[in-house]
Amino acid sequence: MKQLEQKLKDLPHKSGVYIMYNEAGQILYIGKARDLYKRVHQYFGNKANRTVKVIKLVEKIRDLNYIITANEVEALVLENNLIKKHKPPYNILLKDDKSYPFIKIDVKKPFPRVEVVRKLKNDGAKYFGPYMQGISTQEILGLINSAFCVRTCKMDLTKVPAGHRPCLNYHIKRCYAPCAGLISREEYDGVIKEIISFLQGNDKKIAEILTQKMKEASDREEYELALTYKQKLQALEKLVRRQVGALPKDYDMDVFAVATNGLNTVAAVIFVRGGKIVGGDKHVVDGVSLDEGSALSNFILRYYDMTGYIAGEIVTSTAIDDADVLQEYLSEKAGKKINVLCPHQGVRRQLADMAVGNAQDYLEKSVSVRERKENMTMGGVLQLAEYLHLPKLPVRMECYDISHISGTNKVASMVVFVNGEPEKSHYRKFKIETVAGNDDFACLQETLTRRLKDITERSEDVSFSSRPDLIIIDGGKGQLSSVMEVVAGCDTEGINFISLAKREEEVFIPGRSAPVILPRDSYALKLLQRIRDEAHRFAITFHRSLRKTSQTKSALLAVEGVGKTRVKLLFDAFKTLDNIKNASIDELTAVKGIDRRTAENVYSAFHKKDGE
């Protein structure tokens with residue numbers, strides 16, 4: 001602690017990034033500052049002025065490092081890059097698990113389509129959105145197609161065959177048929193400009209077109225078509241009602257707010273596009289922030305990393321210290337001038353208050369669910385480290401189990417939990433290659449030797465190249481001892497080992513004869529049980545699939561004229577036993593290496609008549 005105290009005294013009054021570490025040298029938190037000395041000392045000040053999360057963070061800090069930057073913007077960029085690289089547990093991290101609907105018009109292409117996409121690309125096309133919560137992109141697309149007759153097909157207009165005739169959409173007046181050369185590129189571009197104007201908030205033209213088409217359909221006594229246009233006008237009216245007063249029609253704005261109870265924090269955002277409210281979004285905010293302003297600033301930065309699209313104006317419900325730095329950074333990122341402001345009155349303040357109301361409502365509804373999930377995941381991780389006196393948090397845990405029947409089709413499973421949650425893309429399975437008979441100890445030894453060898457050789461496999469903090473063996477003291485015998489020659493630096501015996505749920509630790517008994521109602525034990533049960537499920541599933549394949553091959557091997565080579569040929573051709581069973585003699589004969597007599601034998605084996 002004396003070393004930490006000295007480092008706090010030595011902090012410079014310059015801009016930069018600070019990095020906080022725990023006792024095991026793991027990065028806990030990364031932050032930026034205009035003045036490193038002032039900012040970092042805020043964490044260690046009066047507890048009354050700090051949130052519960054900040055207090056918990058400070059209790060774990062044992063070391064500190066910093067990097068001086070030329071200015072605040074460089075500090076923000078460096079902080080962002082380091083957070084992406086290290087993913088510290090106390091920083092705000094947003095998972096990129098949402099895809100937002102946008103409307104795209106690729107104006108670089110001749111005769112472009114209007115389409116809905118889920119990803120923004122830097123391809124020169126025009127994007128509008130995102131749209132959500134009550135605004136349907138398909139509804140907007142329907143309005144556009146009804147009023148403006150642009151093409152909806154994906155035909156490559158540079159490869160249209162000679163004599164091509166337009167499709168039905170042309171005949172029902174839903175497309176100008178550029179594929180047949182019935183509209184010039186200049187005329188079509190004029191229509192696209194009207195669509196862009198509509199998407200930017202100008203509704204007058206589309207309302208006139210739809211009204212005219214409704215009257216014409218009614219005059220022709222095509223009442224169903226007239227009703228369709230009336231419904232489109234009603235949809236347009238619903239959209240127009242979301243117009244924000246006192247804002248220009250071509251205005252794009254994102255409005256952000258946070259709400260906190262000292263322990264939990266949520267953020268809400270409202271989207272204004274073309275002067276209209278087109279939806280919103282809400283997130284539970286993980287991570288530590290000194291105050292609401294810094295929480296909002298950090299959230300906005302992570303949010304735009306996730307969504308990609310940055311509105312021309314960003315309104316915040318509360319003032320943020322680095323608004324000018326954030327503004328400069330986002331302007332550079334977006335390639336256009338971005339304004340960041342905290343209004344005190346007017347329509348922008350009303351929108352900010354609306355966002356605050358959404359955030360407070362979401363905070364009330366999400367806290368109980370959030371707390372339960374945190375207790376079951378990171379709560380279990382923290383408890384486990386405390387109960388077992390682990391030198392560092394078991395952020396990445398791997399659990400191993402063996403499955404077989406009387407020593408046949410022996411397999412092992414490796415399941416991975418990160419921060420107390422399954423990381424299923426990192427699960428791996430092993431076929432036991434060197435063990436004869438029924439010997440679980442030897443199977444575990446082979447599995448762990450193969451797994452840890454991959455760390456030493458720096459496997460290209462993303463899971464095998466990741467170093468676990470804790471390895472859990474499904475079994476008792478004997479299974480753990482057998483594993484420890486073989487891993488002594490492997491690279492196990494920083495890896496802790498335990499085993500969990502199922503009958504009494506005893507935890508065994510290397511070098512200790514007596515087991516650790518975790519409290520039955522503890523989140524630590526429940527976490528170990530979840531990962532152990534998941535390893536068991538994964539191993540049994542793999543074993544069953546191998547056994548089924550083995551039984552299938554045995555059934556085929558019993559057929560006269562079929563050996564291992566022909567079994568492989570049949571499975572390569574038909575993939576499954578059911579497909580082989582349902583194949584005709586001619587289809588079986590068509591497989592290279594299967595003669596007609598063998599095909600007849602295979603067919604007969606699966607099509608025996610009753611009594612045979």
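Let's start at helix H15, which spans residues 477-487. In this predicted model, the buried residues of H15 are Gln479, Leu480, Ser482, Val483 and Val487. Why do they lie on the same side of H15? They cover an arc of only 160 degrees around the axis, and that puts them on one and the same side of the helix.

Now let's turn to the nonpolar cores. In soluble globular proteins, nonpolar side chains tend to be buried together. Here, the largest nonpolar core has 54 residues. Which of its members touch the most other members? They are Ile144, Ile195, Leu199, Phe256, Tyr303, Ile314 and Leu330. Apart from this core lies another one, of 26 residues, including Leu388, Ile498, Leu518 and Leu528.

Next, find two helices that cross: H4 (residues 72-86) and H10 (residues 292-307). Their axes come within 12 Å and cross at roughly 65 degrees, and the crossing is right-handed. On the H4 side, the contact is made by Leu76, Glu79, Asn80, Ile83 and Lys84, while H10 brings Asn298, Leu301, Arg302 and Asp305. Sorted by class, this contact has four charged residues, three nonpolar and two polar.

One of the H4 residues in that contact, Glu79, deserves a second look. Is Glu79 buried or exposed? With a relative accessibility of 2%, Glu79 counts as buried, because the cut-off for that is under 20%. Leaving aside neighbours within four places in sequence, Glu79 is in contact with Val17, Ile30, Gly31, Lys32, Asn298, Leu301 and Arg302. Among these, Asn298, Leu301 and Arg302 are the H10 residues that also appear in the helix contact.

Finally, let's visit two loops and look at the backbone angle phi. Most residues other than glycine have a negative phi. Ala177, however, has a positive phi, near 55 degrees. Where is Ala177? Look in the loop between helix H6 (168-171) and helix H7 (185-199). At 1% relative accessibility, Ala177 counts as buried.

Glu221 is not a glycine either, and its phi is positive too, at about 65 degrees. You can find Glu221 in the loop between helix H8 (204-219) and helix H9 (223-240). Its surroundings invite another question: is Glu221 buried or exposed? Glu221 has a relative accessible area of 58%, so it is exposed. Side by side, then, we have two loop residues with positive phi: Ala177, which is buried, and Glu221, which is exposed.

Key. Residues are numbered from 1 along each chain as its sequence is written. This is a predicted model: local features need pLDDT of at least 70, side-chain atom pairs count only at pLDDT 80 or more; totals for chains, interfaces and linings use all residues. Side-chain values use heavy atoms; hydrogens and water are left out. Axes are lines fitted to C-alpha atoms, for helices over the stretch in contact, and angles run from 0 to 180 degrees between N-to-C directions. Helices (H or I, at least four residues) and strands (E, at least two) are DSSP runs, numbered from the N terminus. A crossing is left-handed if the near helix is turned anticlockwise from the far one by less than a right angle, and right-handed if clockwise. Contact means heavy atoms within 4.5 Å. Ala, Val, Leu, Ile, Met, Phe, Trp, Tyr, Cys and Pro count as nonpolar, Asp, Glu, Lys and Arg as charged, and the others, Gly among them, as polar. A nonpolar core is a set of buried Ala, Val, Leu, Ile, Met, Phe, Trp, Tyr and Cys residues joined through side-chain atoms within 4.5 Å. Buried means under 20% relative accessible area, exposed over 50%, partly exposed in between (1.4 Å probe, protein chains only). The arc is that of the directions from the helix axis to the C-beta atoms.
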